[in-house]
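Hello,

Here is the structure I promised to pass on. Please have a look, then read my notes underneath.

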Amino acid sequence: MDLRDFYLLAALIACLRLDSAIAQELIYTIREELPENVPIGNIPKDLNISHINAATGTSASLVYRLVSKAGDAPLVKVSSSTGEIFTTSNRIDREKLCAGASYAEENECFFELEVVILPNDFFRLIKIKIIVKDTNDNAPMFPSPVINISIPENTLINSRFPIPSATDPDTGFNGVQHYELLNGQSVFGLDIVETPEGEKWPQLIVQQNLDREQKDTYVMKIKVEDGGTPQKSSTAILQVTVSDVNDNRPVFKEGQVEVHIPENAPVGTSVIQLHATDADIGSNAEIRYIFGAQVAPATKRLFALNNTTGLITVQRSLDREETAIHKVTVLASDGSSTPARATVTINVTDVNDNPPNIDLRYIISPINGTVYLSEKDPVNTKIALITVSDKDTDVNGKVICFIEREVPFHLKAVYDNQYLLETSSLLDYEGTKEFSFKIVASDSGKPSLNQTALVRVKLEDENDNPPVFNQPVIELSVSENNRRGLYLTTISATDEDSGKNADIVYQLGPNASFFDLDRKTGVLTASRVFDREEQERFIFTVTARDNGTPPLQSQAAVIVTVLDENDNSPKFTHNHFQFFVSENLPKYSTVGVITVTDADAGENKAVTLSILNDNDNFVLDPYSGVIKSNVSFDREQQSSYTFDVKATDGGQPPRSSTAKVTINVMDVNDNSPVVISPPSNTSFKLVPLSAIPGSVVAEVFAVDIDTGMNAELKYTIVSGNNKGLFRIDPVTGNITLEEKPAPTDVGLHRLVVNISDLGYPKSLHTLVLVFLYVNDTAGNASYIYDLIRRTMETPLDRNIGDSSQPYQNEDYLTIMIAIVAGAMVVIVVIFVTVLVRCRHASRFKAAQRSKQGAEWMSPNQENKQSKKKKRKKRKSPKSSLLNFVTIEESKPDDAVHEPINGTISLPAELEEQSIGRFDWGPAPPTTFKPNSPDLAKHYKSASPQPAFHLKPDTPVSVKKHHVIQELPLDNTFVGGCDTLSKRSSTSSDHFSASECSSQGGFKTKGPLHTRQVNEHFYWSISTAYKCPVNQY
């Protein structure tokens, strides 16, 4: 196998392997004769082409380019940016485009074009086939405007005579569809015969007997129509001549004949000998052969017909590539009007007489026939689209394509007859500057025919070597506080290119505002004074760029370190440090940390701390800055401490600075709330039955000598409000009615109110008792006081009504006895009145006894009525049903008003379960300021008040004043009492006093209910008092 055969084999294999990734086909169908700029298709949309680079994920601008020969008038145009296909001003004429061969309806008329997609990373070759559909733009036409037919006069009725058929360049339904005879004069009719090839031949039918002597000529019109929309038609004059009789017409031996002849048949070669016979004799049997009117003029030029013998011969050179099939209609006439017809189909067979054709269309536009490539162009850069073709058929038309010699280029088959000329390797200008090679196209005929095309490629040199620094990283050091313009170093780089591509200029990158760089020499100097404390290190880049096109550059990193000098004093984070400590902080505890910084480095940064003014209350660590206490804090003795500290660095000479420190002693929650109102645990407030819901019926007010959240108080009712009749405001302590009192609510109500502060970490509490007497009046204050005293027997977690039933039963018994006695007296009086009606003395006695009985039932009625009037005058406004005495804060040094010592002590937390008892004892006078309201009108007695103690039986860890405030009985409500029986007291008014003396003891057991847990207490109450009952 020689080298040429090897190339042929390789090219053949390449032709069989098509790259579907870059070669794709599109088919569009359009109508002929479309105007300009009619859209045909959209390449990226129809092929689903993405504009995103799959490798980089970035969007790319694709360019669509129509590959066409120079000088061609394109029938379509392609938008380079969008890939849309439009018609041009060159109208597409199907009949002109597909002229020559006969195109039946099933045969497609089309043309092809190629579009490439650039750049090279997105390269695709798109082969587009555009099928042109026919429009009815041609009317059917007869061969001649006047058609002459000769018919013998003895022609039988229904005899048929052929009429030359019309032709229409259009196809299908737009072709000839219908013939019509106009003005047939009832002598002639028209019939249509359709051939196997689909042609319609008109035939004239004789419908009456002809007589030449009567009429020898008939003139009519024949009309032909196509089936298009709109419909087109034409007419011809049909002239019929009646001739004398010739009995027999010629007859062909074969009506359809098909022959084959090679296209290289020489002139004069016989194609076929036609033979027709005529049964007549003499002159009527002389046959003359002529071409039919349907034979194309081109066919008549190629073939000659002997009129006498019927021999068809080649009279010009044949070319299968121009016309492969010729249809010839031959008429045999004996002089009569009805010739015989025969159709000869001449098939021109192929011979290898055409060399392959190479159509070289450049993708990269050449200059004077030479393609210029850059040496940096990547592999597979597309240069040209090569289309090879051969007009021959079968083996003679099979073409292979290859490059004649070894070059860094190759052909990539994209279709059966199309190739892409690409670079096959990287190009090097220094190695080879120019390439000239041939592309060979060879067919497979015997002998094989070849065609070549010459391709010239020149390379362009590129600036492909960037400058290179001697050191990729340049490190320098310089002391701060330098002078401007200080020389630092010289930066240099080299470039392997030559000429202007090797000329280097230097440039500073960003973050290099403190430096200057000479563009030519690379000398680096300081343009400013460095301050290490502002910036210790400078990192920037230096760029070396050559003068190539495009220029290439490289970078080097420069690191400049600034050395330190002791030019900064120590700096405290605060000029004045303030620390806050609790008053119970133990001695030698850490109270704060002093923080100081020095902007210098190394020894210049080492700082030591010391306390000035010889302060012995605190100890300062000279290195960590930790301050520890040397005293125990007591906020009441001293609330703050202030001193100065000094910081000194280790530089030469050393630098120092000072700052002030203040230690603030903070309060802890060590005081329970102190009740101001109500002023006494034996006072009460009358709640009339007419009181409306929402009205204020009592007020609880307390203070806490702590500060902040430790002094914020919260009021809650923990017991005694089982009916939900009352509500206390958690902030103000105002007790209001939730609903209107009912008759069943009449009596004494004891509310256990818990007052707690919001201290952290542990809240402190105080319990107070609030007595509310629900009734229209409170006339018998001593009776109410007796009820209050008896409530002390009831545990705090129980309602006073739970243990007051014995007292209520005793009261009810007394009332019932009084009612029965009164009823009996009334009966006796009535009886005596009826029997002794006339005795005045008896009536008087009976009336006196009745009066005494009524007074026994309701004593002091007059006094009661007068007191009601007085109370009406003193009635308080509706907006407030009570007026508590305002208790102002007393001065500590007031000798008259000493602190209250009556206390109730509970365990550290209300939630803890424990056992306690009451302990009544004497209490000192209450503490009030001299300007406080006179409380004598509420107490009416100077007797010592009993102290009420709640002490645990079991030792518990407690904190001072943690739960219950220690107050005298007159100022603190604790303990239990019975509910006042529901009856009206008539012995005294609101402010009447009843001195009472009691001495005794009792012990009860009952659960104490709070919000969290149930606690059980044993109460031991021992009283020895003489006190009044007051309404507050």
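The notes below go from the whole chain to one sheet and one residue.

This is a predicted model, where local features need pLDDT of at least 70, side-chain atom pairs count only at pLDDT 80 or more, and totals for chains, interfaces and linings use all residues. Residues are numbered from 1 along each chain as its sequence is written, and side-chain values use heavy atoms, without hydrogens or water.

The protein chain has 9 helices and 63 strands. These are DSSP runs, helices being H or I with at least four residues and strands E with at least two, numbered from the N terminus. Of its 1032 residues, 45% are buried, meaning under 20% relative accessible area with a 1.4 Å probe, protein chains only. Among contacts (heavy atoms within 4.5 Å) with a separation of 6 or more, 72% join residues 24 or more positions apart.

One open sheet has 4 strands, in the order E25-E31-E30-E27, with mixed pairing. Pairing takes at least two DSSP bridges between two strands. Strands E25 (370-374) and E27 (399-403) are the edges, each pairing on one side only. E27 runs antiparallel to E30 (residues 434-443), joined by 5 bridges. Phe402 stands opposite Val440 in E30.

Now Ser527. The loop between strands E38 (523-526) and E39 (537-546) holds this residue. Ser527 counts as buried because its relative accessibility is 17%. Beyond neighbours within four places in sequence, Ser527 is in contact with Arg484, Ser513, Phe514, Phe515 and Asp516. Its side chain reaches the backbone oxygen of Ser513 at 3.3 Å.

Best wishes

Methods:
Buried < 20%, exposed > 50% of the residue type's maximum accessible area, 1.4 Å probe, protein only. Polar contact = N/O pair within 3.5 Å; in protein donor to acceptor, adjacent residues only side chain to side chain.
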